[in-house]
Structure formats: structure tokens, C-alpha cells
Number of protein chains: 2
Amino acid sequence: MAKDRLVVIGGDAAGMSAAAKVRREQSDRDILVLERTDYTSYSACGIPYLIGGLIEDSDRLVARSPEKFRSKYDIDVRTRHEAIEIDPVAQRLKIRVDGDREISEAYDQLLIATGAHPFCPEVPGSEAKGIFGLCTLASGLRVQEFMKQEQPRKAVVVGGGYIGLEMAEAFVRQGLQVALVERAPEVMGTLDPDMGKLVSDALREIGVDLFLEESFEAFEVQNGRAKAVVTGERTLAADIVMLGLGVRPNSELAAGAEIELGEKDGIKVDGRMQTSAPNVWAAGDCVATYHRVSGRPVYIALGTIANKQGLVAGINLAGGQAWFSGVVGTAVSKICDVEVARTGLQERELRDLGIDYAAAVIEARTRAGYFPGAGPITVKLLAEKSNGRLLGAQIVGMEGAAKRIDIAATAMTAGLTIAELIDLDLSYAPPFSPVWDPVQTAARQLLKKI
Amino acid sequence: MAKDRLVVIGGDAAGMSAAAKVRREQSDRDILVLERTDYTSYSACGIPYLIGGLIEDSDRLVARSPEKFRSKYDIDVRTRHEAIEIDPVAQRLKIRVDGDREISEAYDQLLIATGAHPFCPEVPGSEAKGIFGLCTLASGLRVQEFMKQEQPRKAVVVGGGYIGLEMAEAFVRQGLQVALVERAPEVMGTLDPDMGKLVSDALREIGVDLFLEESFEAFEVQNGRAKAVVTGERTLAADIVMLGLGVRPNSELAAGAEIELGEKDGIKVDGRMQTSAPNVWAAGDCVATYHRVSGRPVYIALGTIANKQGLVAGINLAGGQAWFSGVVGTAVSKICDVEVARTGLQERELRDLGIDYAAAVIEARTRAGYFPGAGPITVKLLAEKSNGRLLGAQIVGMEGAAKRIDIAATAMTAGLTIAELIDLDLSYAPPFSPVWDPVQTAARQLLKKI
């Protein structure tokens, strides 16, 4: 088994976590990694900070280069190798090399870790120059290159999710005039609107022009270059456009091999990360996963999840036994000084699931009120009425606010009730927290409503 | 019942939390609070920062003044009233007013919330001027007053616990030359020595002279004033001495009424905060509590616990039903830029309990390695070998490190295993964390040892 050939498609978080884990367990395993870009194991989440100038050197985003995997891990990493077809019966791959010639390789075990791509609706002008989405490091470098060469002055961000917001901040940092278009009443649709409003306010505060409740309709193009973004209400001039409309799984390759897809066309996998095809596994942004709070399938593309799934796949591919337990939907972001975090289910999801819930929102301080640097923090908690079980948490606040979401993520995973949350022996000292942690203050408020 | 008289002895965290809760539930209840100092509801934890000059006005430490309790809560708060005797049969108290005359008051229900006092060993010279311990706001103001008037240049801190360390920092901030004497090999005895060493280093870094493994033997006194601290090894000149040898419960009043005491002479209470005497309740730093991880009684004096116990006592005193579930031993502190946190049991306690455990220590970064401001963080985790259950966590690191202890506190309370800790869907973005939170990196390391 150890000499069996493992082929991994995709050399970022999930793929390389798995490959490295297999190598640690099986020193003589034949491991081939196919990566369509020039880079492996980079932090896609760091790209907005690279473009914003907070990080100066793109090399710093690369945790381990292809050379390092070859020399230190004895893993045969081939860059500019794009898998274009899987034959699950013959257990062979068709691969395009350097965007040009085609080769074929055999596998005994295959891991699909092809990631995701930014969603771009089919609107007029979408092929024009100056329109970008972010997914790979290569795509981030293209934005950086464009900004250096073209010196854009006006940026329009389409979509107010994490990437949209982080890129709006990056453009502001680089001195651009920034407009952001969002169809919903507030940005950050993974928060309830009352919490999203706080984030909208934070964006306005740093000088972003928000156009909320406006649909994105088209690009205006001149000489093959995007010149403006057209919404249902107006035309916004743009020297550069960033798409932040979410991502879609790169699951076409799997679909072409008749491997079963799941939620939002993410590749369907079991807890061990096995697909419907024999000897074919998948992990990371290309797969659908399981939500531990709702008990339903869900598609969430995040680096933490990709790393964990890669590790689980690696253990199993090396002959071990591991399961990925699913997610609770934790995410965190920062808009200049304002921290934003969420976990669990939001009101809309609870309504859709028909769960009878109560909600409480409280305002507190990040530290003891008298301590220097104490800033505002708003916490929203959601719990099930019939049993008091914590179902979701959302936090917006200043320094020290966001990481508190981990208390709620841990509590939800363990199935704690609001009363048990109040009972938690959380850390307190004046530089860190009020004597009742704001999460517990919210829980106390919520308890009255259940 | 509502017109029955509730008397509360002690007007800080536990006492006033209870009194305020009873008032919210019972608008016509007769509530009398006896406070021996001039202050109510102040943050004792803020006192080192007041003395260090981080907080300028002592009024800011007072959450709610006696006047406010009288006018807004209709609670009869009497300051400079010290209860000196409880007659649990007659249900009467003997009270000393203004340190002078004595009066007597009847109660229907009594809550003892007398707090704690700094431990001072019986050594020669301990009655001299210039020797301080911290517990009440009044004691803090005495230190502040002494420093203004006497302008001390050399401070000696005896004991390297939280108060000792925070006071060492406060003295450094005020420009004093500071020595600290600690009997153990490292400061912060609530950490294992390997982690305590990091804190010792941080103290040296800010200029504190550490004298470790030295016993404290006596004070040298001149004209009634402390002039030096004598250890087993040397004599340390001192213009001011701060005792940081821990606190002891103010339980003499209860003991005098033959109310049962428990761990370390803390008043013994049940989960509802009832003592062994009918109609007598107790809460806060004067009571012994229950450790949820060891399942044993424990004495821990902390503001969070006092507030929670006060709330529980208040609910029960108002005719409701609430229980205090105990503690897991969470605590957090800051020595200038270095954050220190701990929860659960430490190695010594695990050995004493005869629990077969494994430990792992890892070094990581507080943010993504490439993100500006990423600082070092060291995490130690302890787990039970037979079942993988998390038993303890200790963290030392830069900004953002310490509050992560709440993940472990929550996980321990819920009885999670190390494997379940690794599975947690914790928050990640480059400004907040590496893609594997350091707590999970430690858990991965620990899993290999179990």
C-alpha cells in the first residue's frame, strides 16, 4: 500500500495538508501533487492585506514553496499542471501542462483539492480588463500588478461579504476612492441586519461609499477595459472592480467524472472525506460539508476548514481513521479597527428551519469600563426557546471583541444552554474584560426572553 | 416574605450583586446593607492600575456608590458599619458604627459577603508603617496616599502571585526600583514552573529584581517604619512593602456564630449559597467553592466568582431557584505587554489527585505569522491519559494571547476531549490567529502523547 501512488489535485491548504500528513505517516509513499499555478501552501486569506500594503512581500504569504515540498518532504510537486479529466475506472488523469500540452498520469488514490473560484454573474462586460476576483495567490498578484501599472483612482467593490469588505479596506489604504454595491439592506449578509448595520457604519466611517439595496447589473466597457459598474439605480465610475459575490466550488472536474455533488455543487464527501467514486477523496473549498448546529449540509469555503479536512483526508489516505466533524459556521474579520465575528445560525436560517428562537443584543465594553482602551462591543446571541440551547452568536466591536466568538463556537459544539453559558468560569481582569464577559451579559439578557 | 428584612454584610461585588438582584425581583423588600468602609461596588481588581497611574481617578473604580444604591435602588446602605457578631438563634447582629459605638439589628435573612484579607505571616516588624496588602478600595487609597506623601524610591513585593505581579508593574510604572521575593522557583505559582518561568522573564524584562527560592523572614523596622525586607538570603532595602502572599477569607464572623467552614476556612455553602445556619447565606471571597474539574472543594477569591455567587444568592433570597455550579480555576493577568492565563488543574494538582495525565507545550504566533503585530504565544495543555479529557491550560504571550484561555475553560466545563478540541470550528483571519489556533496546535501535539 505504501508504494501505491497518491495523486493530489491542488497544492494549497487542503491538498498540501493532506500530502504532508501522508508523508509524515508513510515515508516511502509515492506522492504526486498537481498545481495549476506557480504556488503552493499560501494564505489566500492574506491577499487583501498584501494588496492593501500591510504585508509588503508576497513571499511571506507562502508557508511552504514547491521547492520545499520537493526537498524537505520528498513530494513530487508539479506546478502549472492542471488536471482536466478524471477517469475513475482506469484511475487515470488527463493533465494540461503549461496551459498547452497534455499528459496522463495514473493514481491508486486520488485527492481532489481544487478549491473555489469567485462567482461572477453573467452580465454584459464581465470579460473586460480591470475586473478581478480573488481566490489564488496568482489572482492576488494580478490585482497588485494592475494597481502598480494602471494606478487606478476609483475602485468599485461588488458585494459586501468578507472579501468585499477586506478589499474595500485595502483600496482605502492604498488611497483609492471606494464604492461598494450590495443588494441586501446591510453588508455582511452572514450577520443579521441589525448587526450588519454596525459593519455598514464602520465602512462609511473609513470613507467607503455604500450603495445598499442596489442590484448589480452590468459593467460599462471602453476599449476592452471596465470603466463603470452599473447598478439598478446608477452608474459608478471604476478604474478597478473587485468582485466579492462569494465563491463557488471548483467541482466541474469531479462532476465530469460523475462524482456526486452536494450542497451548492460542492463535492459530496463522507466524514472521512471520501467521494462517491472508489479511491477518490476530496477536501477543502471544493467540497460540501456538514453544519453541526443545523444538522444540514452546508457549503462554506474557509482556510481553517480546508486545513482540517486536509489533515483528516491525509490520515485516512495513510491508512488511519479520522473523521471531519463538520462546522458551526465560525468566521471573523476586521474592517480597520472594527472587529466582526459570527458563529452558528442567523435569524433567517432559524426561521427557514422552523426553529422557535429568542434573540438578545447587548452593548458592553471590551475591557473594564475604567481601563484605558476599553472600546464598545455589541453581542447578539440566539437560542432555542424550548431547550435554551445556544444556536448562534454575532459580535461587532473594537480590539479584543471578535475572538470572544470562540466561546460561543465551543459552547455550541458542546451543546451548552444559555444558562450553562452564564455559569462558565471565563477569564477576567480589567485589561481584558468587564467582570461579566460581554458574551455572558448577552446570555443573561437572553435568559429573560426564553 | 417580601417585607421580611434582608441584611447583607459587605457592600462589594457579592453583596451588592445580591442586594440589587433582590431589589429587581422584590420592589418592596426591606434591604439593609452594612459596609465597614466608605465604598460600595468597587473594582478591587482595578486597584493596582490606580496605583500604577493607568487610571487617574479612584471614583472610576466605583461602579455604584452608596448614594446611588439608596436613591436608585431604595437599598438602605450604611457605610462605616461593621458587623461584629451574629446571633443566629435570635437572628440579630451586633454592629460597630464608625469604629466606635455599637448597635444591634435584626434580620430575617442574612447574607454574609465579607470578602477576604491579604495574608500576612506573623513575622517580626509586621505592624510597622509602610507595609501594605490590597483588598478593599480603602486599602488601595492608603497605598496611593502613602506614595504621594512619602515618595518611596524602593519597593519590595513579597510574593509572586497576581497581586504581587500587578503591584510590581504598578511600582515600575511609578518609577520605583522594585524587588520581588518569591519562595518558589518561579513566580505565578498557579502556573506550572515551565510556564511560570516565562512570566519571571517578563518581570525581569521590565526591570524587576527577582529573588526566587528565597523565604520571607522578617521586616526591618526603624522608628516604626519598615526599612527592609529580610529573606533567607539577604536584606532588601524598602521604602514601601507590598504583600502578595494571597488572601484569606473573612470568615471569623461566621465562625463566631458556629457556622460551618470549609476549604481554607472559607464559609461552607451549598450550591444555592446557603450556610449551615438557618436563614444565613454567604457569597464571594469569604466562601469556599467547588472545582468542576477536580470535583473537590477549593478556595479561590476572584471578582467574577463573587459576582456570580452574589447573583445566585440574590435569586434565592428573592424566592427563586438558582445554583452556583462551581469554578474551573480560570484566571488572567497582564505584566506590561505579556499576557498570562490559566484554567483547570496544574501538574502539581494532577499528581496530588493521582490522575495519569499528559502535557504538551507549543510555541506559536498570536496572528498569522506574516501579519503585522504577530507576537509569540506559548500554550500548555494537560489531558487525562485514559480518556483524553482536557484538564488544564496555561497561556503566556503577547497581545491577544490570554483571552484564548476561555476556549479551554468552556471546553473543560463541557467535558470535551483533546480530539474534540481539535475539531472545534474556531475563528480565523490573519489579524486574529494562525489558521490553526495555538490552542488547537497544542491539542494536536498533546494528542500524540496520549
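Copies are superposed by least squares on the C-alpha atoms of residues with pLDDT of at least 70 in both. In this predicted model, such a superposition lays chain B on chain A with an RMSD of 0.0 Å, by a turn of 180° and a shift of 0.0 Å along the axis. The two copies are therefore related as by a two-fold rotation axis. The same surface serves both of them, for 100% of the contact residues of chain B recur in chain A.

The predictor's confidence should be considered before any detail is read. The complex receives an ipTM of 0.96 and a pTM of 0.96. Chain A has an average pLDDT of 96, and 99% of the residues score at least 70. Where pLDDT is low, predicted coordinates should not be read in detail.

The contact between the chains comes next. Chain B contributes 49 residues to this contact, and chain A contributes 49 residues. On the side of chain B that touches chain A, the elements giving two or more residues are α8 (303–317), β21 (331–335) and α10 (405–413) of chain B. Of these, α10(B) gives the most, with seven residues. Sorted by class, this side of chain B holds 30 nonpolar, twelve polar and seven charged residues.

Within chain A, helix α1 (residues 13–25) meets helix α8 (residues 303–317): their axes come within 7 Å and cross at roughly 30°. The crossing of α1(A) and α8(A) is right-handed. Among the residues that make the contact are A:Ala14, A:Ala18 and A:Val22 of α1(A), together with A:Ala306, A:Gly310 and A:Leu317 of α8(A). This contact of α1(A) with α8(A) comprises nine nonpolar, seven polar and one charged residues. In chain B, helix α1 (residues 13–25) and α8(B) pack at an angle of about 30°, with their axes 7 Å apart, and α1(B) and α8(B) also make a right-handed crossing.

The discussion now turns to strands. Strands of a sheet pair through backbone hydrogen bonds, either parallel or antiparallel. Chain A contains an open sheet of five strands with parallel pairing, in the order β9-β16-β10-β11-β12. Its edge strands, each pairing on one side only, are β9 (131–132) and β12 (209–212) of chain A. At one edge, β9(A) pairs with strand β16 (residues 240–243) of chain A in the parallel sense, over two bridges. There, A:Phe132 has A:Met242 in β16(A) as its bridge partner. Helix α5 (residues 162–173) of chain A lies across β10 (154–158), β11 (177–182) and β16 of chain A, and runs at about 165° to β11(A).

Antiparallel pairing also appears in chain A. Strand β13 (residues 216–222) and strand β14 (residues 225–231) of chain A pair in this antiparallel sense over six bridges, and A:Phe216 stands opposite A:Thr231 in β14(A). The hairpin of β13(A) and β14(A) has two residues between the strands, and A:Asn223 in this hairpin takes a positive phi near 50°. β14(A) also pairs with strand β15 (residues 235–237) of chain A, in the antiparallel sense over three bridges. In that pairing, A:Val229 has A:Leu236 in β15(A) as its bridge partner. β14(A) and β15(A) form a hairpin with three residues between them.

Note on methods: Residues are numbered from 1 along each chain as its sequence is written. Chains are lettered from A and ligands numbered from 1 in the order in which they are written. This is a predicted model: local features need pLDDT of at least 70, side-chain atom pairs count only at pLDDT 80 or more; totals for chains, interfaces and linings use all residues. Two residues are in contact if their C-beta atoms, placed from the backbone, lie within 7 Å. Helices (H or I, at least four residues) and strands (E, at least two) are DSSP runs, numbered from the N terminus. Ala, Val, Leu, Ile, Met, Phe, Trp, Tyr, Cys and Pro count as nonpolar, Asp, Glu, Lys and Arg as charged, and the others, Gly among them, as polar. Axes are lines fitted to C-alpha atoms, for helices over the stretch in contact, and angles run from 0 to 180 degrees between N-to-C directions. A crossing is left-handed if the near helix is turned anticlockwise from the far one by less than a right angle, and right-handed if clockwise. pLDDT is the predictor's confidence in each residue, from 0 to 100. Two strands pair if DSSP finds at least two bridges between them.
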